[in-house]
Every structure is written in C-alpha cells, then in structure tokens.
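Subject: Structure handover

Hi there,

Here is the structure I promised to pass on to you. Have a look at it first, and then read on for what came out of the analysis.

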Amino acid sequence: MSNVKAQTEERMKKTIKALQEEFNGLRTGRASASIFDKIRVDYYGQKTPLSQVATLSVPEARLIVIQPWDKGLLGEIEKAIQMSELSLNPSNDGKIIRINIPPLTEERRKDLVKMSKSIAESSRVAIRNIRRDVNEDLKKAQKNGELSEDEEKKTSDEIQKLTDKYIAEIGKELEAKEKEIMEV
C-alpha cells in the first residue's frame, strides 16, 4: 500500500506546484519576469510563450526589460502585453521593451489578496478531493478482500497525515504571497 501513498503524495505535490504557478502569475508591486509566463506572442502564425522568443530581465525592483531575439517581434510582444490582464503599459525604443511596474493601490492589493485566498481554497479543495478518491479506493479494496481492515485504516491514516501536511503547505504559500502583495 506504500505505492498508494506515493501516488497520492505525487498528486498532492502537483497541486502545490499548480498553486505556485498560479501565484507567480499574480502581479504584485515588485517586478517579476514570472508574471509573463502565460503571455503568448504570435510568432510566424504560432502562439509562442514570451520566454521562448525574448530575454526577460529585471534590472531594478520596478522595471522589467524584454529583449526579443528577433527585432521584428517588438510590436507583437507589445500588443500581447497590452492585451493581457496585467494592465501594464510597455514602452518600445526600437530595440527593447521596458515596462515600469507601478505601485499597486490599496484597493488593488486587497483584490489580489482575495484572489490569492480563492486560488488557495481551490487548491485545498483539490487536496481534499485527492484524499476522498484514495479513501474510496481503499474502502473498495477492503470490501473486495484485497486489503485487511487494519491495512485500510493504517493507509487511510497515512493519507490523512499527507492531506494535513499539504493543506499546511498551501497555508504557508498563501501567507508568503499575501505578504508579498501587501509589501509597499
């Protein structure tokens, strides 16, 4: 049954990774290249991730510089950023794109914290659903005689410990993100 535990833990780790990726996509007052992870640029008819057509750097706390490998993409990159939900205003000097990250308003910070809490809650629900699915499988295995009652109880307890561990991990991730958002 340790196989069940390992598979369950793997699924829970994937949930945490997805949470971290969602959090990286939330814009905070600090410049971070990861906010552009979801941006796709029209590159010869293909929607290509921005990171695959340009170099992104953060030379200062509130500045992001995007240097496309193909100068002909400047306009496409600029358009993709303007069309995104990041509400950023890129400036293009013919060679690179500079993006100043304005400080967030208090209202926007509170909205982002609410959004973070919602994302975290969805992740908690996902973890609990994984636990429920595994526990149902364990009960079926026990009914079918593939597992003794003691083994089912022991494995179920281990799955609960994993659930508690990953729910706590989500709490830590959320706390760190809230702190980052509320930082002035």
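What pattern does the protein chain follow when read along the sequence? The answer is α-β-β-β-β-α-β-β-α-α, which gives four helices and six strands in the protein chain. Please keep in mind throughout that this is a predicted model.

**Overall shape**

A compact globule of 184 residues would have a radius of gyration near 16 Å, whereas the protein chain comes out at 22 Å. The C-alpha trace spans about 70 × 40 × 25 Å along its principal axes. As for burial, 39% of the 184 residues count as buried. Among the contacts with a separation of 6 or more, 65% are between residues 24 or more positions apart.

**Two nonpolar cores**

In soluble globular proteins, nonpolar side chains tend to be buried together. Here the largest nonpolar core has 24 residues, and the ones with the most contacts inside this core are Met12, Phe23, Ile127, Val134, Tyr166 and Ile170. Helices α1 (2-24), α3 and α4 (149-182) each supply at least two residues of the core. The biggest contributor is α3, with nine residues.

Ile127 is a good place to start browsing. With neighbours within four places in sequence left aside, Ile127 is in contact with Met12, Thr15, Thr163, Tyr166, Ile167 and Ile170. Three of these names, Met12, Tyr166 and Ile170, also appear among the residues with the most contacts inside the core.

There is also a second, separate core of 21 residues, which includes Ala54, Ile64, Leu73 and Ala80.

**The pocket**

For your own line of work, the largest pocket may be of interest. Its volume is about 320 Å³. Which residues lie nearest its centre? They are Gly25, Leu26, Lys38, Glu85 and Leu86, out of a lining of 14 residues. By class, the lining has seven nonpolar, five charged and two polar residues. Helix α3 (residues 106-143) provides the largest share of the lining, with four residues; this is the helix that also gives the most to the largest core.

**Around strands β1 and β2**

Let me walk you through a few residues in sequence order.

Arg40 lies in strand β1. At 40% relative accessibility, Arg40 counts as partly exposed, because that value falls between the 20% and 50% cut-offs. Leaving out residues up to four places away in sequence, Arg40 touches Lys47, Thr48, Pro49 and Ala80. Ala80 is one of the residues of the second core. The C-alpha atoms of Arg40 and Ser84 are separated by 9.4 Å, although these residues are 44 apart along the chain.

Tyr44 sits in the loop between β1 (40-43) and β2. Its phi is near 50°, a positive value in a residue other than glycine, so you may like to look at the backbone there. Is Tyr44 buried or exposed? Tyr44 is exposed, because its relative accessible area of 68% is over 50%.

Thr48 is in strand β2 and counts as buried, because its relative accessibility of 11% is under 20%. Beyond its neighbours within four places in sequence, Thr48 is in contact with Ile39, Arg40, Val41, Tyr43 and Val53.

Leu50 follows in the loop between β2 (46-49) and β3 (54-60). Although Leu50 lies in a loop, it is buried, with a relative accessible area of 0%. Which residues is Leu50 in contact with, leaving aside neighbours within four places in sequence? They are Phe36, Ile39, Val41, Leu56, Ile66 and Ile77. Ile39 and Val41 are also in contact with Thr48. The C-alpha atoms of Leu50 and Ser34, 16 residues apart along the chain, are separated by 11 Å.

**One residue in α4**

Lys179 lies in helix α4 and is exposed, with a relative accessible area of 62%. Its C-alpha atom and that of Val113 are separated by 9.2 Å, with their positions 66 residues apart along the chain.

Happy browsing, and all the best!

Technical notes: Residues are numbered from 1 along each chain as its sequence is written. This is a predicted model: local features need pLDDT of at least 70, side-chain atom pairs count only at pLDDT 80 or more; totals for chains, interfaces and linings use all residues. Side-chain values use heavy atoms; hydrogens and water are left out. On a 1 Å grid over the protein atoms alone, a cavity is a set of points where a 1.4 Å probe fits but cannot get out, and a pocket is an open set with protein on both sides within 12 Å along at least five of seven lines; lining residues have an atom within 4 Å of a point. Grid points are joined across faces, edges and corners, and a volume is the space filled by probe spheres set on the points. Ala, Val, Leu, Ile, Met, Phe, Trp, Tyr, Cys and Pro count as nonpolar, Asp, Glu, Lys and Arg as charged, and the others, Gly among them, as polar. A nonpolar core is a set of buried Ala, Val, Leu, Ile, Met, Phe, Trp, Tyr and Cys residues joined through side-chain atoms within 4.5 Å. Buried means under 20% relative accessible area, exposed over 50%, partly exposed in between (1.4 Å probe, protein chains only). Contact means heavy atoms within 4.5 Å. The radius of gyration is taken over C-alpha atoms; the globule rule is 2.2 Å times the number of residues to the power 0.38.
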